[in-house]
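Hi,

Here's the structure I promised to pass along. Have a look at it first, then read on for what turned up.

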Amino acid sequence: MVIDAVKTAFQRAEEQQWDCTYWVIDLHGTILVPTRTAEISTQFYMHAKEVLFHLTHRTDINTILWTCSNENKVAKYVDYFAECGIVFDQIGHNHEVSNTEYGNYENKMYANVLLEDKAGFDPAVEWGMLRKYFGI
């Protein structure tokens, strides 16, 4: 479950004395209910809006919006989220973590937490769990 990943990320950040953790967050099927049309979706899953507002205002969490939407739609989503007070730190890639001698992050971005429906995140349940975890 997502809460285990969050606890592990924060524990590791504390042990390693990192300033932040990186959260890669998918758009369709995770944040917003997909329209499966050319129109952009504006229907948040329950609790997603409140949790995202909280996450994007924390200095110890770097949020990365991850989507396969085309550039024009991504700009519309970024504007829509900004109207809701949600401003992601990065879009589509983690530009803050460079390659190391043991890690290549050019094709797979570095992340501590992945919120992605195709990776098992259940938006109908887990946004509520995150809301409770953070006391929102």
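Start with the contact between helix 1 and helix 4: on the helix 1 side you'll find Val2, Ile3, Val6, Lys7 and Phe10, and they meet Glu126, Met129, Leu130, Tyr133 and Phe134 of helix 4. Sorted by class, that contact has eight nonpolar residues, two charged ones and no polar ones. Keep in mind that this is a predicted model.

As for the geometry, helix 1 covers residues 2-16 and helix 4 covers 123-134; they pack at an angle of about 40 degrees, and their axes are 9 Å apart. That angle makes helix 1 oblique to helix 4, because anything under 35 degrees would count as roughly parallel and 65 to 115 as roughly perpendicular.

Next, the sheet. It is open, with four strands in the order 3-2-1-4 and parallel pairing. Strand 3 (90-91) and strand 4 (113-115) sit at the edges with a single partner strand each, so each has one side without a neighbour in the sheet. Further in, strand 1 and strand 2 (residues 61-66) run parallel and are joined by six bridges. If you want a spot to look at there, Asp26 has Trp66 in strand 2 as its bridge partner.

One last residue: Thr30. You'll find Thr30 in the loop between strand 1 (21-26) and helix 2 (48-56). Is Thr30 buried or exposed? Its relative accessible area is 0%, so Thr30 is buried. Leaving aside residues up to four places away in sequence, Thr30 touches Tyr45, Leu115, Glu116, Asp117, Phe121, Pro123 and Trp127.

Cheers

Conventions
Residues numbered from 1 in each chain as written. Predicted model: local features only at pLDDT ≥ 70, side-chain atom pairs only at ≥ 80, totals over all residues. Heavy atoms only, no water. Axes fitted to C-alpha atoms, helices over the stretch in contact; angles between N-to-C directions. Helix = DSSP H or I, 4+ residues; strand = E, 2+ residues; numbered from the N terminus. Parallel < 35°, antiparallel > 145°, perpendicular 65-115°, else oblique. Contact = heavy atoms within 4.5 Å. Nonpolar A, V, L, I, M, F, W, Y, C, P; charged D, E, K, R; others polar. Buried < 20%, exposed > 50% of the residue type's maximum accessible area, 1.4 Å probe, protein only. Pairing = 2+ DSSP bridges.
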